[in-house]
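I opened this notebook to record what I looked up in one protein structure. The entries follow the order in which I worked.

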Amino acid sequence: MFALTAIGAWHVSPWLDEAATAHIVSYPTWDMIQLWHGNQWWPHGIDLALAPYYMVVHQWVRVVGITPFTLRLPSVLAATVGTVTMAAVGRRFAHRRGQLTYAACYGLLPRTTAMAIEARPYALSSMFVAVALLLILLYKSHPSWLRWIGIVLAMVAAMAMQIYAAFPLAGLVIVGWLVCQRRHRWGVVLAGVVAAGFICPFAWAISKQIGQTEWLGDYKSNSLIDRFLVESWATSRVNEAPYSSDQIPNVIAICTAAIAAALLVTVLIESRGRGTRRFLLALIPVALSVGVMWVLTVTAAPFFASRYLSAAAPFFAMMLAEAVLLSRGRLAKTLIVVLAVGSLVLYGFQQRTYSKSSYDLSLMATVIDERAAAGDGFLIDPVGAIVGSYRNAVAVDPGAFAPLIDLAQPSRPPLIQPWPIDPPLLDLANQNWLPPRIWVASLIGAPDIYGAQLYSLGFHDVYAKSGSGHIITLWER
């Protein structure tokens, strides 16, 4: 699992939200707290819901530095630990066969492989939910205060990483009530209540900022069926806007979801309801999560994205694993093979360099690493918008730009936005000194702002490399 996900974490170009992670965690703790609390741009603050995740990554990058790979490594490790945890769950149910089946169904779940190559909190939240599931099973067989405390901590951690983990965790508490002996049921319920009590002040604080995701409600073309029943687990699109995704992986995801549904129905018919208890138990957290988000989307809050169901991934995987374990006939086994192929195909689409973003945020760092010299200058054409500056490329890999001179922004600005913003346009003619070699990043199709200024000052373009969305040009005097 580590090998499968580390490949994508190494080479897939970061996208806008990952740039926000890199930008925010690079600042001191007090600066991050001020952003979450509020400033002139965001009176009620912004991204407080991700504060626990940012604090974890902040401490992590203080040790390992910031690159796209190091930013994603916590998610890779979380997906790996989550797979191991689900293997332990399966072993308790069906020995070695259950161990391998549960591990495969969670590890190859397209939602898991997508979360693992993203510098966002979803993989960690899913991991903690899986840990809570395992601990409840251990508590059921051998109750102890240590395991009870572990359940509480795992639930709190899952909701701290992603507050919407509360929905599948509520379903897990119901499952715990149903499977535990009478005298231990209340222990599971009490663990859920205590965890909810710990997280309630945090949930109340972030509720004031919930409007920052209202833009997701504008994408009406992304149907609720596709969002909650397909992309929630058979993930094809992981980029910033649903409408800009390829149609081919989405069609494959829909077909994969249809095959999974056919497999579940086939197995239920073949088994005639015998041995389906664990499958039905896994259905409770999934149905609760999907149902609550669906109802809220229709009635009050139309901004739930499919990735908000990431914390339910262990239960999606558990349903599929139980279907595999129950399969007997040739049709069911054929559907399992086709489903595995579909998941691997979606995994392949996730590994494309630009699967997350139409802009290549790794392009300029790659060019600099190959051709730049210490002391070269660099400029980035401004886009005139709060979101979308190519300075995101600097945020996700600052070490690549360290040997160069940032001509437009020689000192670091304060943290006032989740993403880097362009500094005021620099008038190069009024500068006392310019290095003889200057790299310029320009948006393809947009005016070459700094290139025109450099040309008028006697510079000539001697090298250029274009990528997805931008072109990097070297100007020499």
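**Entry 1: Aromatic rings**

I found that Trp36, Tyr53 and Tyr54 are linked into a cluster by ring pairs. I noted that the model is a predicted one. I then searched the whole structure for aromatic pairs, and the search gave eleven. I examined Phe93 and Tyr102, whose ring centres are 5.8 Å apart with planes at 55 degrees, so I recorded the pair as tilted. I entered Phe93 as partly exposed because its relative accessibility is 23%, whereas Tyr102, at 1% relative accessible area, is buried.

**Entry 2: Charges over rings**

I looked up two arginines that lie over ring faces. Arg185 is placed over the face of Trp177, 5.2 Å from the ring centre. Arg412 lies over the face of Tyr27, at 3.8 Å from the ring centre.

**Entry 3: Nonpolar cores**

I next asked which residues of the largest nonpolar core touch the most other members. Among its 132 residues, these are Met155, Leu169, Trp233, Met364, Tyr390 and Trp439. Helix 7, residues 122-141, contributes the most to this core, with 14 residues. I followed Met155 further and left aside its neighbours within four places in sequence; its contacts include Ala132, Ile136, Leu169 and Leu172. I also noted a second, separate core of twelve residues, with Leu426, Ile438, Val440 and Trp475 among them.

**Entry 4: Salt bridges**

I reminded myself that side chains of opposite charge can pair when their charged atoms come close. My count of salt bridges came to six.

I looked first at Asp17 and Arg120, whose side chains meet in a salt bridge at 3.9 Å, N to O. Asp17 belongs to helix 2 (residues 16-25) and Arg120 to the loop between helix 6 (110-116) and helix 7, so the pair links distant parts of the chain, 103 residues apart. I recorded both Asp17 and Arg120 as buried.

I then turned to Glu322 and Arg278, which form a salt bridge with their closest N and O atoms 2.9 Å apart. This pair joins helix 14 (residues 313-326), which holds Glu322, to helix 13 (residues 277-299), which holds Arg278. Glu322 is buried, at 1% relative accessible area, while Arg278, at 26%, is partly exposed.

My last pair was Arg437 and Asp376, which meet at 3.1 Å, N to O. Arg437 is in strand 3 (residues 437-443), and Asp376 is in the loop between helix 16 (363-371) and strand 1 (377-380). Arg437 is partly exposed, at 22%, and Asp376 is buried, at 4%. I closed by noting that Asp376, Arg437 and Glu476 are linked in a network of salt bridges.

Note on methods
Residues numbered from 1 in each chain as written. Predicted model: local features only at pLDDT ≥ 70, side-chain atom pairs only at ≥ 80, totals over all residues. Heavy atoms only, no water. Phe/Tyr/Trp six-rings, centres within 6.5 Å; stacked < 30°, edge-to-face > 60°. Buried < 20%, exposed > 50% of the residue type's maximum accessible area, 1.4 Å probe, protein only. Lys NZ or Arg CZ within 6 Å of the ring centre and 35° of its normal. Core = buried A, V, L, I, M, F, W, Y, C linked by side-chain atoms within 4.5 Å. Helix = DSSP H or I, 4+ residues; strand = E, 2+ residues; numbered from the N terminus. Contact = heavy atoms within 4.5 Å. Salt bridge = Lys/Arg side-chain N within 4 Å of Asp/Glu carboxyl O.
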